[in-house]
Amino acid sequence: MERRARPRVPLDVPFFVTVRLADGSQCPALLVDCGRGGVQLAFSPTEEGVGGLLNQEMLLLDLPKGLKADPDGCPGLVTWVSAERCGVRFDLPLALTD
C-alpha cells in the first residue's frame, strides 16, 4: 500500500544532487524520484553510513531548476533507509502542482 501523501515521479535521466548533513559533511546522491513532498536518493555503494541517516536532517543542494526549489537548498528529514537508498521528506512542500 502506498503511504505517500503526494505522488512521486520517477526520473528518466540521471540527475545528481549534493547532500549536506547537519555536521557540514557533503556527498553526491542520485535523484531517483521526486514529488512535492520529498525525494528518493541513491548513494554510491562506496558511501559509508547510509543506514545512519535515518531521522537525520539534511539539506539538498543543486536540485533541478524545474522543481522550483530554494537555490540555497531544500531542507528535509530522512524518513527511511535501505542498503544504498533513502527517502527524504521536505520540511515544506515544493511549489509545484501534482
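Which residue stands opposite valine 78 in β7? It is valine 88, and this pair makes a good doorway into the fold. Before we walk through it, a word on the model: this is a predicted model, in which local features need pLDDT of at least 70, side-chain atom pairs count only at pLDDT 80 or more, and totals for chains, interfaces and linings use all residues. Residues are numbered from 1 along each chain as its sequence is written, and side-chain values use heavy atoms, with hydrogens and water left out.

Let's start with the overall plan. The protein chain has seven strands and zero helices, where helices (H or I, at least four residues) and strands (E, at least two) are DSSP runs numbered from the N terminus. Read from the N terminus, the order of elements is β-β-β-β-β-β-β.

Now follow the pairing, bearing in mind that two strands pair if DSSP finds at least two bridges between them. β2 and β5 run antiparallel and are joined by four bridges; within this pairing, valine 19 has leucine 60 of β5 as its bridge partner. From β5 we can step across to β6, again antiparallel and again over four bridges. Here glutamate 57 is partnered by leucine 77 of β6, while leucine 60 stands opposite cysteine 74. The next step leads from β6 to β7, an antiparallel pair with five bridges, and a hairpin of three residues connects these two strands. That brings us back to valine 78 and valine 88, which face each other in this pairing.

What lies inside? The largest nonpolar core has 21 residues; such a core is a set of buried Ala, Val, Leu, Ile, Met, Phe, Trp, Tyr and Cys residues joined through side-chain atoms within 4.5 Å. The members that touch the most others are Val19, Val39, Leu41, Phe43, Met58, Leu60 and Val88. At least two core residues come from each of β2 (16–21), β3 (26–34), β4 (38–42), β5 (57–61), β6 (74–81) and β7 (85–90), with β3 giving the largest share, four residues. In soluble globular proteins, nonpolar side chains tend to be buried together.

Across the chain of 98 residues, 35% count as buried, meaning under 20% relative accessible area, with exposed meaning over 50% and partly exposed in between (1.4 Å probe, protein chains only). Two cysteines deserve a look. Cysteine 74 counts as buried because its relative accessibility is 6%, and cysteine 27 is buried too, at 13%. Even so, the structure holds zero disulfides, a disulfide being a pair of cysteine sulfur atoms within 2.5 Å. For cysteine 27, the closest cysteine sulfur belongs to cysteine 86 and is 8.7 Å away, so the two are too far apart for a bond.

Proline 14 offers a contrast. This residue is found in the loop between β1 (9–10) and β2, and it counts as exposed because its relative accessibility is 63%. Proline 14 is 16 residues from leucine 30 in sequence, with 6.8 Å between their C-alpha atoms.

Finally, step back to the whole chain. Among contacts (heavy atoms within 4.5 Å) between residues at least 6 apart in sequence, 53% join residues at least 24 apart. The chain exposes about 6200 Å², with carbon and sulfur atoms supplying 54% of that area.

Conventions: Accessible areas come from the Shrake-Rupley method with a 1.4 Å probe; for residues, only the protein chains shown count as cover.
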